[in-house]
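Me: I should be grateful for a close look at one part of this structure, namely the surroundings of the ligand. Please take a reader new to the structure through that part in a connected account.

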Amino acid sequence: MTKRTTPESIRAAADAFRGRYQPGRVRGLLVAGSGLSLEVPGWEADEVIELAEVFDFQTHELMGHSQTVTLWRRGGETLMVMNGRFHLYQGYRPEEVVAPVRLAGLLGAEVFIATNASGALDPEMAPGSLVVVSDHINLQGSNPLVGDWGRDFGPPFPDMSVAYDPELRRLALEAAADAGFDAREGVYCAMLGPSFETPAEIRMLISVGGTVVGMSTVPEVIAARQMGIRVCVLSLAANPAAGLVDRELTHAEVMDEGRKAADRFRVMLGNLVSKVFI
Ligand code: HPA
């Protein structure tokens with residue numbers, strides 16, 4: 001029987017994590033696409049931890065995705081760097097998807113930085129462009145605060161009017177341009193997936209003001225904001241969204257664009273981490 005994730009089980013996981021890994025002062029959580037390697041001056045990669053050992057819900061494997069967290073240390077400080085993430089479309093419950101954010105928040109994280117891949121809603125946007133997310137539209141049909149989660153992690157009705165931190169957005173745009181990305185701000189539309197969108201859905205998203213469309217990150221952003229954690233999200237526009245070009249969309253194409261951008265991502269995230277965690 002799989003156990004249900006509760007506020008109590010997340011608190012117990014955080015206590016166990018603290019005892020076992022002695023993270024000291026956790027500064028932030030960085031969630032990067034799978035396969036991302038990072039180099040940050042001053043920070044040293046230490047333990048690589050399977051998330052299946054941290055949480056007691058059942059984890060699922062999906063091609064191209066593994067779920068580990070690496071502890072990066074600098075003196076008595078820790079940065080938690082997640083490789084891969086939990087998606088709703090893999091069958092995780094919303095509270096499981098946001099469990100790493102809860103864990104980091106309970107350990108003191110002030111900042112949540114995430115990268116993801118998306119489809120571009122603007123036909124002019126070249127694959128490999130980067131969108132620094134300034135706002136989102138949640139069309140996943142779920143919210144990680146439903147139920148007990150408004151009880152003791154923060155307000156049950158958190159304000160989302162400035163969910164994406166303006167100062168972090170500014171730093172991210174700078175870091176992205178320095179790393180050679182064509183970067184701009186924009187609105188991330190979150191769909192449940194895992195099927196790609198239909199052309200009619202894409203026309204809808206364009207008409208409501210979306211810039212890119214993806215299947216992740218929004219639950220984590222909501223949980224982070226509830227806990228008062230500052231948020232920065234960078235979305236790699238990997239492909240033109242469905243119907244904007246006359247060909248099929250494939251997961252392989254998205255992964256391929258991610259691999260092509262890996263070096264720029266490494267430079268950009270190293271740069272951003274140095275600017276944010278002074
Ligand atoms: N749609 C949804 N999610 C995505 C896409 C897309 O076109 N590309 C990468 N992730």
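Reply: A residue is taken to be near a molecule if one of its heavy atoms lies within 4 Å of that molecule. The model is a predicted one, in which local features need pLDDT of at least 70, side-chain atom pairs count only at pLDDT 80 or more, and totals for chains, interfaces and linings use all residues. Residues are numbered from 1 along each chain as its sequence is written, and side-chain values use heavy atoms, with hydrogens and water left out.

By that criterion, the ligand is surrounded by A117, S118, G119, F196, E197, V213, G214, M215, N239, L249 and V254. This shell comprises six nonpolar residues, four polar ones and one charged one; here Ala, Val, Leu, Ile, Met, Phe, Trp, Tyr, Cys and Pro count as nonpolar, Asp, Glu, Lys and Arg as charged, and the others, Gly among them, as polar.

Two strands, β5 (111-120) and β8 (212-214), each contribute at least two residues to the shell. Strands (E, at least two residues) and helices (H or I, at least four) are DSSP runs, numbered from the N terminus. The greatest contribution comes from β5, which provides three residues.

Polar contacts come next, a polar contact being a pair of N or O atoms within 3.5 Å. The side chain of N239 has an N or O atom 2.7 Å from a nitrogen atom of the ligand. From the backbone, an N or O atom of A117 lies 3.4 Å from a ligand nitrogen atom, and a polar backbone atom of G119 is 3.4 Å from a nitrogen atom of the ligand. On its own the ligand has 260 Å² of accessible area, of which the protein covers 95%; such areas come from the Shrake-Rupley method with a 1.4 Å probe.

One backbone feature may be added from the loop between β7 (183-191) and α5 (199-207), where P194 is placed. G193 and P194 are joined by a cis peptide bond, with omega about 0 degrees. Most peptide bonds are trans.

Conventions. A polar contact is a pair of N or O atoms within 3.5 Å; within protein, one must be able to donate a hydrogen and the other to accept it, and residues adjacent in sequence count only if both atoms are side-chain atoms.
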